[in-house]
Amino acid sequence: MFTAIRRRFSDFIAAQKLKKNYHRNKNGTSKEGMSKRVVFTIFTFLFLVQSFICLFPLVWCISNALRPNPEFYANPNSLFTSLHFEYLGPAIRAVRIATNGDAGFLLAVWNSFWFAFGTQFLNILASLFVAYPLARYNFPGKHFFYGIIIFRITVPIVGSSAVGYKLELALHMVNNPPIYMIGAFNGFDMNALIMYGYIKAVSKEYSEAAFLDGANALQVLFKVVVPQAFPCALALYVNSVMGQWNNYQAFLVSLSEYPNLAVATYKMEGARDLVGGSDHGAISNALFYWIVLLSGIVPLILFAASQKLMIKNMAVGGLKG
Amino acid sequence: MTNTNIEKLTLKERLRKRYNMEDRSAFFFCYAILLLPLASFCVFWVYVNIDSIIQAFRFGGEFSLRNFKDVFTELTNAKRSATADNTSLLMIEWRSVQLYLIGWLFAFPGYLSCYVLFRKCWGHYVFRTIFMIPNVLGGLTTVLLYKRMVMVDGDSLGPILALIDACFDVSDSVIKSGGLLKHANTAWITLLGLKFIPHIIGFNLVQTGAYARIPGELYEVGRIDGLGFIREFWTIATPLTWSTMSIGFITGAAGMLMGDCGVFLYTTGHYQTATMGFYVYYETLLLAQAGGGEGLYGYPAALGLTLTAVSIPLALGVRRLAGLVEDVAY
C-alpha cells in the first residue's frame with residue numbers, strides 16, 4: 001500500500017512540476033521562456049538592422065526620383081527636400097528613347113504584362129495537369145512521371161541555353177510572342193511538386209461525391225479540384241508572376257523586338273553609364289530612378305495584395321524515390 | 001487458370017483482365033491530361049539536351065572533339081571571350097562554387113530567423129513584409145539600385161561607398177576607377193556582399209509554410225519538457241521540416257556550377273567577376289545577337305556538357321548527404 005501511495009504522490013509532484021513548467025514557459029518567466037525572450041530581443045534588433053538594409057535602397061530611389069539633378073549632385077546621400085513629380089512624364093516618354101523607338105511606355109508595360117501573366121498562367125495550368133493525376137490516380141507509369149519531376153529538380157542539366165535558342169529559331173519562337181508562350185506549357189517542375197503535395201492533402205470526399213453524382217473526370221477536375229487547389233495555384237501564380245515581371249534575359253535573347261519595362265530600365269542604365277557622371281544630359285537622374293520605380297511597382301502591389309495567401313499555401317514536402 | 005495459360009495471353013488481353021472498363025477510362029484521362037505537358041517536356045527539355053550533346057561533338061558539320069579541346073584548353077588558360085577579362089574557365093567556375101558555399105554558410109541563420117518570424121516575435125508581420133521587398137522588386141530593380149549605391153556618380157560617392165570610405169578609407173584608385181564595382185581588387189568581394197548581406201536574415205515563404213504544418217501539440221510537448229527556444233528550433237522544427245530544407249540544398253547543388261549573382265547587370269563580367277551562370281548566358285546572348293548560325297552552338301554545348309558531367313555527381317552527392325538525415329513523418 002505504501003508503494004502505491006508513494007507512486008501516486010510522485011506522479012502528483014511530477015504533474016505539478018510539468019504544469020508549473022508549462023505555465024512558466026508560456027508566461028516567459030522560466031529559464032526556457034527567458035531563452036525565448038533573449039533570442040527574440042536579439043533577433044528584433046537584427047531585424048531592425050535588416051529592415052533598414054532592405055528599405056534604404058527603395059527610400060533612396062524614391063527620394064532621388066523626386067528631386068532634380070542639381071539637388072541630387074549637391075548632396076546625393078540626403079533625402080529630398082521638396083517633391084518634384086514633373087520628372088514622371090519625361091520618364092514615361094524616355095522609355096521609347098531607351099528602347100530605340102521599339103516600344104513606348106504602354107507597349108513596354110503590355111509586354112511585361114503578357115509575358116509575366118500569360119506565360120506563368122500556362123505554366124501553372126500545366127503544373128496542375130501534371131500534379132492532379134499524380135496525386136489522385138493510380139495508373140501505370142505514375143512513378144515514371146513523378147520521377148521526371150524529381151529528375152528535373154535534382155539532376156542538373158546545365159548550359160543548354162545556346163542550343164535552346166537554336167530550337168527557338170527552328171520553331172519560329174524568336175520574336176513571336178504567341179508561339180513563345182506555348183513553350184511555357186511545361187508542367188514537370190517545382191510548381192507541380194508543390195501542387196502535388198497540396199492536392200494530395202486536400203479531401204477526396206468532394207471528388208468522390210461528384211463522381212457518384214455522375215460527373216466525369218474533367219468535370220471533377222475543373223469544378224471540384226481546381227476550386228479546392230485554387231489558393232495554392234493562385235499563390236504559385238502570383239509568386240511566378242512577380243519573378244517574371246522584371247525578366248530582361250528572355251527579352252534580350254528571344255524577344256528583342258518586344259522590349260518590356262525591364263529592358264527599357266536596363267538600357268537606360270547602360271545609356272547613363274555611357275554618358276557618365278553629372279553630364280547625363282537628356283537622361284537625368286530623376287528619370288532613371290522613376291523608371292526603376294515604375295518597373296518595381298507591379299510586383300510590390302501584387303505582393304502587398306497576396307502576402308497572406310502565399311504564406312498560407314506554399315509548402316513543399318520531401319523528395320522521395 | 002494455369003501458369004501456361006497466363007503466359008499465352010497477349011499484353012492487351014492481360015491489361016483487359018487486370019483493369020476494368022472504369023479503370024481504363026481513368027487511365028485514358030490521366031494520359032490525355034499529361035499529354036501536352038509531356039510533349040512540351042520532350043521538345044523543350046529532352047530534345048534540347050539530346051541536340052546539345054550532338055552539337056557538342058560537331059565541328060564544321062562533322063563529328064569532332066574540337067569543341068571539347070577548346071573547353072579544356074580554356075579551363076586553365078585565359079578565356080577567348082573578351083567578356084571574362086582573360087580569366088580561365090576554372091576561375092570562373094570557382095566563383096560560382098563560392099556563391100553556393102557561402103549560401104550554405106548562411107542557410108541556418110536564415111532558417112533560424114525565419115523560425116523566429118514564424119513564432120511571431122515583436123513586429124513579425126511588418127518585418128516579413130519588409131524582408132520580401134528585395135525579392136519582390138526583382139533582380140533588375142534591386143541590382144540597379146545597389147549598383148548606384150557603390151559607384152561614383154559625377155563627383156559624388158554612392159551612399160554605401162561613402163559609408164565604406166568613411167569607415168575604411170577606400171583607396172584613391174578605386175574612387176578614380178568609378179567605385180567598388182569598377183576595380184578588380186574590390187568588385188568580386190562587393191558583389192558577394194551585395195548578394196548575401198541583404199539575405200543573411202530573411203524570410204523564406206516555403207520554409208514558413210513547412211513550419212506552419214508542424215502540429216501545435218509538438219510545441220506544447222516541448223514546452224512541457226522545458227525546451228528552450230533554440231533547442232525547440234533544433235530538435236523539433238528542424239527535423240520536422242528537414243525534407244523541405246533538403247530540397248533547398250539539393251536544388252542549390254543542382255545549380256551549383258551555374259551560380260550567378262547579377263553579374264550581367266553589375267559588371268558584365270568585367271573586373272574579375274564573371275561567373276559561370278553569367279558566362280553561359282552571355283555566350284547565348286552574343287549568339288542571339290549574331291542571329292544564330294550553324295557552327296556557333298558547338299562550343300557552348302560542349303561547355304554545358306562538361307559542366308553537366310561534373311554537376312551530376314556533385315548534386316547526387318549532396319542529395320545523398322541530405323538523405324543521411326532521416327525524414328520525420330508526422
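Val38(A) sits in helix H2 of chain A, which covers residues 31-65. In this predicted model, Val38(A) is partly exposed, because 13 other C-beta atoms lie within 10 Å of its own, and a residue needs 20 or more to count as buried. A useful sense of scale comes from pairing this residue with Leu122(A): the two are 84 residues apart in sequence, and their C-alpha atoms are 47 Å apart in space.

The chain around Val38(A) is built from helices. Chain A contains 14 helices and zero strands, so that its pattern along the sequence is written α-α-α-α-α-α-α-α-α-α-α-α-α-α. Of its 321 residues, 42% count as buried. Contacts within chain A often link distant parts of the sequence: among those with a separation of 6 or more, 73% join residues 24 or more positions apart.

Chain A also meets a partner. In the pairing of the two chains, 93 residues of chain B are in contact with 86 residues of chain A. On the chain B side, H7(B) supplies the largest share, with 18 residues. Sorted by class, that same side of chain B comprises 59 nonpolar, 27 polar and seven charged residues.

One helix pair shows how the chains meet in detail. Helix H7 of chain A (residues 161-170) and helix H3 of chain B (residues 21-56) have axes that come within 9 Å and cross at roughly 110 degrees. H7(A) is therefore roughly perpendicular to H3(B), since angles from 65 to 115 degrees fall in that class. The crossing of H7(A) and H3(B) is right-handed. From H7(A), the residues involved are Val163(A), Gly164(A) and Leu167(A), and they meet Tyr47(B), Val48(B), Asp51(B), Ser52(B) and Gln55(B) of H3(B). By class, the residues of this contact divide into four nonpolar, three polar and one charged.

Within chain B, helix H6 offers a closer look at a single element. H6(B) runs over residues 107-118, and its 12 residues reach 16 Å from the first C-alpha to the last, close to the 16 Å expected at 1.5 Å a residue. Several of its residues are buried, namely Tyr111(B), Ser113(B), Cys114(B), Tyr115(B), Val116(B), Leu117(B) and Phe118(B).

The backbone just after this helix deserves a look as well. H6(B) is followed by Lys120(B), which has a positive phi of about 60 degrees although it is not a glycine. Most residues other than glycine have a negative phi. Lys120(B) is placed in the loop between H6 and helix H7 (124-149) of chain B. Lys120(B) is exposed because 10 other C-beta atoms lie within 10 Å, and the limit for that class is 12 or fewer.

Tyr271(B) provides a second case of this backbone feature. Its phi is positive as well, at about 55 degrees, although Tyr271(B) is not a glycine. Tyr271(B) belongs to the loop between helix H15 (263-266) and helix H16 (276-289) of chain B. Here the surroundings are those of a buried residue, because Tyr271(B) has 21 C-beta neighbours inside 10 Å. Taken as a pair, the two loop residues have positive phi values, with Lys120(B) exposed and Tyr271(B) buried.

Technical notes:
Residues are numbered from 1 along each chain as its sequence is written. Chains are lettered from A and ligands numbered from 1 in the order in which they are written. This is a predicted model: local features need pLDDT of at least 70, side-chain atom pairs count only at pLDDT 80 or more; totals for chains, interfaces and linings use all residues. Helices (H or I, at least four residues) and strands (E, at least two) are DSSP runs, numbered from the N terminus. Two residues are in contact if their C-beta atoms, placed from the backbone, lie within 7 Å. The expected span of a helix is 1.5 Å times one less than its number of residues. Ala, Val, Leu, Ile, Met, Phe, Trp, Tyr, Cys and Pro count as nonpolar, Asp, Glu, Lys and Arg as charged, and the others, Gly among them, as polar. Axes are lines fitted to C-alpha atoms, for helices over the stretch in contact, and angles run from 0 to 180 degrees between N-to-C directions. Angles under 35 degrees count as roughly parallel, over 145 as roughly antiparallel, 65 to 115 as roughly perpendicular and the rest as oblique. A crossing is left-handed if the near helix is turned anticlockwise from the far one by less than a right angle, and right-handed if clockwise.
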